[in-house]
Amino acid sequence: MPSFVRPFVGRTLHKSGGVLGAQVRLYKSSQSKGRDTVEEASKEYENLGSYFSYKSYSNIFKFYEHYKYHNAEKKFGKLLKLDVSKCFDSIYTHSMPWTTVGRSAVKADKQSIGKAQKTFGGRFDSLMQWMNQGETNGIVIGPEFSRVFAEIVLQGVDQKLERVLASSDGLMHKTHYEVFRYVDDYFIFHNNVANADKITRHLEHLLKEVKLNLNLAKSETFERPIITKLTMAKNKVSKIFADHLIVEERKDDSKSSSEPVKYYVFKAHQERLIVDFKTVLVESDVGYKDLLNYALSAIEKRTLTYLKSYEKNPTSHQNSKQLTKSLIGILEFCFFVFAAAPRVNFSVKLTRILSSMVDGLNRLEVPRDEKQQVFKYAFDNIRRELKNSTQKQYRELEVLYLVLALKKLGRDYCLLQEDLAEYLGIEISSSGEWKRPVPLDYFSVIVALQYSGNRKRFADLRNFIESNVLGTFEDRKAYVDREAELILLYLDLQRCPYVSTATKTKLNEHFSLSAADAVSIQNSTKYWFTNWDNFDLSEELDKKRTREVY
């Protein structure tokens, strides 16, 4: 697959050789924590989540800090930021052959349409329809082929925009204006509002040709000094983290040795940190949801710095009480901000932070009593979040990762079966009857089985899950072979060691499989999408980090 390099593109896709199994692991998991959220072309990754890496910018903050952005500001005093409205939900699949072959060529006659369907663009168009139940409006969100699809279409728009501005208005790129596009956000640097209006008008027209629209309500204008509210907030947050989450290097020259002993001390002023963080949000006019991805990534990096610095300390200067107190301070901040904006991506980052703490404290052999203080604090706060989620509709998914984090804490912090059932929205009557108003979704089933395992104390929950799943398949049997969630669930449960053979056999019946086919599905791989036998939360979260692509 060639790289996609166009004048307007802010970041470009590159083929990554690491996916083929490179021998050298230059980018180890212990170094992969922090601000990077997707693969970059200059780095090599052990847990590669994508065939592609990105050149130049792995996230929006790096784009804002890049020299190309600053050079554009030196040349042009104004910036107009435009957003493509609901890009992946709206993009028209037929726009792919229109882009790769040409709209007029495709629509010339019936014969041309037939020929276009056999081209790369035509086959890609058909694939995206097939993946979305024949729909031509909108593409599936998440897979990397969707970002490739959108990138090809939008780069076609970019090229046409540059040509039409030159031919119709005499406006030359990098002379009269400069445009960057980051996924579906356009950054238009200019010196003349009239020119910006022309660019916007032409861009609107070209996007409509591929069934896309600008969300003009979200347009923003800036003048020098060009800096966004989000960038200002990020810089302020970086400073308050440095002020309140402290790793201080010191030297002890009290010993008789000629060289002073270098060591680190840790402090976490969580109360001031929370107050100052809220102040940043108000002063910068941004919300929790806008800043938490960056903030929690920075917190994860700081957590690892605490643990690594403690490990570097000489044994005589390893103050475990100081370390655990600081980690609890970090958790207090994390759970405070998560409660304000409980979203799936934030729960993933919070779970990564918890996982790093558990792994680090166990590896560093911190005394049990002190380590348990951190675990107990995490356990109490996770239970509170789970409890809150049962009181709010559509909150279940946001906390499922926290259930897995609980398992990471160890057997001393195991949930009761009834509590886990309650968190999953399952009602247990006084007579012992289990019911749920709506069926369990794929993620709830997988997490519940992963957490409960084959432990006897969760036998009733597993029985209910199997019954609920069988009911779901029966209710949707008319389209069971066309619904992705059901197929994913079917495959995962066929390899799940905690599901009964009777349930697996009944699920096979919905697909009219022969006995040989059923055995083949069960034995063809160790696992399909969920690693039941050797599940490692830290490793799985590392893999998930590399899939955060937008």
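A residue counts as buried when its relative accessible area is under 20%. Keep that cut-off in mind as we look around this predicted model.

Let's start with the whole chain. Of its 550 residues, 50% count as buried. The chain holds 22 helices and 10 strands, and its accessible surface comes to about 27000 Å². Carbon and sulfur atoms account for 49% of that surface. What about contacts between residues at least 6 apart in sequence? Of these, 72% join residues at least 24 apart.

Now for the rings. How many aromatic pairs are there? The count comes to 16. One of them is F277 with Y288: the ring centres sit 6.2 Å apart and the planes meet at 35°, so this pair is tilted. Why does the pair tie together separate parts of the chain? F277 belongs to helix α10 while Y288 belongs to helix α11, so the link spans parts that are 11 residues apart in sequence.

Here are the two helices side by side:

| Helix | Residues | Ring residue in the pair |
|---|---|---|
| α10 | 270-284 | F277 |
| α11 | 288-312 | Y288 |

Is F277 buried or exposed? Its relative accessible area is 1%, so F277 is buried. F277 and Y288 also have company, as they form one aromatic cluster together with F241 and F333.

One last spot to find in the structure involves a charge and a ring. R455 lies over the face of Y451, at 5.2 Å from the ring centre.

Methods:
Residues are numbered from 1 along each chain as its sequence is written. This is a predicted model: local features need pLDDT of at least 70, side-chain atom pairs count only at pLDDT 80 or more; totals for chains, interfaces and linings use all residues. Side-chain values use heavy atoms; hydrogens and water are left out. Rings of Phe, Tyr and Trp (its six-membered ring) pair if their centres lie within 6.5 Å; planes under 30 degrees apart count as stacked, over 60 as edge-to-face and the rest as tilted. Helices (H or I, at least four residues) and strands (E, at least two) are DSSP runs, numbered from the N terminus. Buried means under 20% relative accessible area, exposed over 50%, partly exposed in between (1.4 Å probe, protein chains only). A charge sits over a ring if NZ of Lys or CZ of Arg is within 6 Å of the ring centre and within 35 degrees of the ring normal. Contact means heavy atoms within 4.5 Å. Accessible areas come from the Shrake-Rupley method with a 1.4 Å probe; for residues, only the protein chains shown count as cover.
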